[in-house]
Amino acid sequence: MTSNKEPIGKLISHLHRQNQKILAKELLPYGIGSGGQHSFLKLILSHPGITQDQMTCEIKCDKATTARSVKHLEASGYIERRTDPRDRRSSLLYPTAKALEFAPVFQSLLNDFNRKLSAGLTSEEIDTLITLLHKVTRNSDQLNGQN
């Protein structure tokens, strides 16, 4: 089926790049930079004790990106590493008091951004959009050999 519509991947890629730029600018005053660091911080806040490998799998990025983000978040005082008692070679990542104190502000910024992003859409349209994006994500995961 041929269509004159823009490719889905192109639209999603554009949206992702724009989101990253806007969020990086919004979070810069808090010492959270680009490279999706907000995604890593959010994951550590919601899953204290997560490993870098688990984050790499969850966020679906490469190990180097995870390592850079963890290093920056640690240097900024948002996370701390603790040796995994089950595997001394591995570190568990935990939010610091600074991160826990920042969490409500952080979530408010993310909620506000999401609200602005979906401006002009009804709640039904938002639900439909999310459902459709989940379907496209599953298709992409299958194409990439992930289940």
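Does K60 count as buried or exposed, and at what relative accessibility? Hold that thought for a second, everyone, while I say that what we have on screen is a predicted model. Now the answer: K60 counts as exposed, because its relative accessibility is 51% and the cut-off for exposed is over 50%. K60 sits in the loop that runs between α3, residues 52–59, and α4, residues 63–75. There is something else to look at here, namely the backbone. Most residues other than glycine have a negative phi. K60 is not a glycine, and yet its phi is positive, at about 60 degrees.

Let me step back to the whole chain. UniProt, in an unreviewed entry, lists residues 5–138 as "domain: HTH marR-type". Over that stretch the chain is 66% helix and 11% strand, and the C-alpha atoms at the two ends are 21 Å apart.

On to the strands. β1, residues 79–84, pairs with β2 in the antiparallel sense, over 6 bridges. If you would like one bridge to find on screen, take E80, whose partner in β2 is Y94. The connection from β1 to β2 is a hairpin through 2 residues.

Now to helix α5, where I'd like to spend most of my time. How far apart are the end C-alpha atoms of α5? This helix covers residues 97–117, so it has 21 residues, and at 1.5 Å a residue it should span 30 Å. The end C-alpha atoms are 30 Å apart, which agrees. Do look along the helix, though: there is a kink of about 45 degrees at A103, shortly before the proline P104.

Which residues of α5 are buried? They are A99, F102, F106, L110 and F113. The elements covering them include α1 (8–27), α2 (37–46) and β2 (87–95).

Two of those buried residues deserve a closer look. F102 counts as buried because its relative accessibility is 7%, and F106 counts as buried because its value is 1%; the cut-off is under 20%. Both lie in α5, 4 residues apart, which is about one turn of the helix. In general, an α-helix has 3.6 residues a turn, so residues three or four places apart point the same way.

That takes us to the rings. The count of aromatic pairs comes to 3. One of them is Y78 with F102, a tilted pair, with 5.6 Å from centre to centre and 55 degrees between the planes. Since Y78 lies in the loop between α4 and β1 while F102 is in helix α5, this pair ties together parts that are 24 residues apart in sequence. Y78 and F102 are both buried. Another pair is F102 with F106, and this one is stacked, at 5.4 Å centre to centre and 25 degrees between the planes. Taken together, ring pairs link Y30, Y78, F102 and F106 into a cluster.

Finally, a quick visit to A97, which is also found in α5. Its relative accessibility is 61%, so A97 counts as exposed. G77 is 20 residues away from A97 along the chain, and their C-alpha atoms are separated by 8.8 Å. S39, in helix α2, is 58 residues from A97 in sequence and 18 Å from it in space, C-alpha to C-alpha. With a relative accessibility of 28%, S39 counts as partly exposed.

That's my tour, and I'm happy to rotate the view for anyone who'd like another look. Thank you!

Technical notes:
Residues are numbered from 1 along each chain as its sequence is written. This is a predicted model: local features need pLDDT of at least 70, side-chain atom pairs count only at pLDDT 80 or more; totals for chains, interfaces and linings use all residues. Side-chain values use heavy atoms; hydrogens and water are left out. The expected span of a helix is 1.5 Å times one less than its number of residues. The bend at a residue is the angle between axes fitted to the seven residues ending there and the seven starting there. Buried means under 20% relative accessible area, exposed over 50%, partly exposed in between (1.4 Å probe, protein chains only). Contact means heavy atoms within 4.5 Å. Two strands pair if DSSP finds at least two bridges between them. UniProt positions are given in the numbering used here, feature names are shortened, and annotations may be inferred rather than shown by experiment. Rings of Phe, Tyr and Trp (its six-membered ring) pair if their centres lie within 6.5 Å; planes under 30 degrees apart count as stacked, over 60 as edge-to-face and the rest as tilted.
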